[in-house]
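Here are a few short exercises to work through with the structure open beside you. Try each task before reading its solution.

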Amino acid sequence: MDLFLPKDELLFVPLGGSGEIGMNLNLYGYNDQWLMVDMGVSFGEEGLHWR
């Protein structure tokens with residue numbers, strides 16, 4: 001399947017939870033190059049820590 005995507009235009013595809021804390025996954029496309037950004041940052045519970 002061929003996709004005819006516009007050239008010289010930034011594409012933004014929100015894949016999940018855009019704007020929500022702990023579950024942001026976005027896809028950016030420009031000139032046939034793609035960048036996936038996962039900003040799903042959340043904090044562990046009080047008893048959870050590294051040793």
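The exercises below concern a predicted model and go from its sheet to a pair of rings.

**Exercise 1. Work out the strand order of the sheet and find which strands stand at the edges.**

Solution. Start with the order: the three strands of this open sheet follow one another as β1-β2-β3, and their pairing is antiparallel. Next, look for strands with a single partner: these are β1 (11-16) and β3 (33-38), so each has one side without a neighbour in the sheet. Finally, check the twist: on average, neighbouring strands are turned by 20° against each other, direction ignored.

**Exercise 2. Count the bridges that join β1 to β2, and find the residue opposite Pro 14.**

Solution. Take β2 as residues 25-30; five bridges join this strand to β1, and the two run antiparallel. Then go to Pro 14: the residue opposite, in β2, is Asn 26.

**Exercise 3. Find the aromatic pair, classify its geometry, and say what it ties together.**

Solution. The structure holds one aromatic pair. Its members are Phe 12 and Tyr 28, with 5.3 Å centre to centre and 40° between the planes. Stacked needs planes under 30 degrees apart and edge-to-face over 60, so the rest count as tilted; this pair is tilted. Now place the rings: Phe 12 lies in β1 and Tyr 28 in β2, so the pair ties together parts 16 residues apart in sequence.

**Exercise 4. Are Phe 12 and Tyr 28 buried, partly exposed or exposed?**

Solution. Partly exposed means between the cut-offs of 20% and 50% relative accessible area. Phe 12, at 42%, is partly exposed. Tyr 28 is also partly exposed, with a value of 29%.

Notes
Residues are numbered from 1 along each chain as its sequence is written. This is a predicted model: local features need pLDDT of at least 70, side-chain atom pairs count only at pLDDT 80 or more; totals for chains, interfaces and linings use all residues. Side-chain values use heavy atoms; hydrogens and water are left out. Two strands pair if DSSP finds at least two bridges between them. Helices (H or I, at least four residues) and strands (E, at least two) are DSSP runs, numbered from the N terminus. Axes are lines fitted to C-alpha atoms, for helices over the stretch in contact, and angles run from 0 to 180 degrees between N-to-C directions. Rings of Phe, Tyr and Trp (its six-membered ring) pair if their centres lie within 6.5 Å; planes under 30 degrees apart count as stacked, over 60 as edge-to-face and the rest as tilted. Buried means under 20% relative accessible area, exposed over 50%, partly exposed in between (1.4 Å probe, protein chains only).
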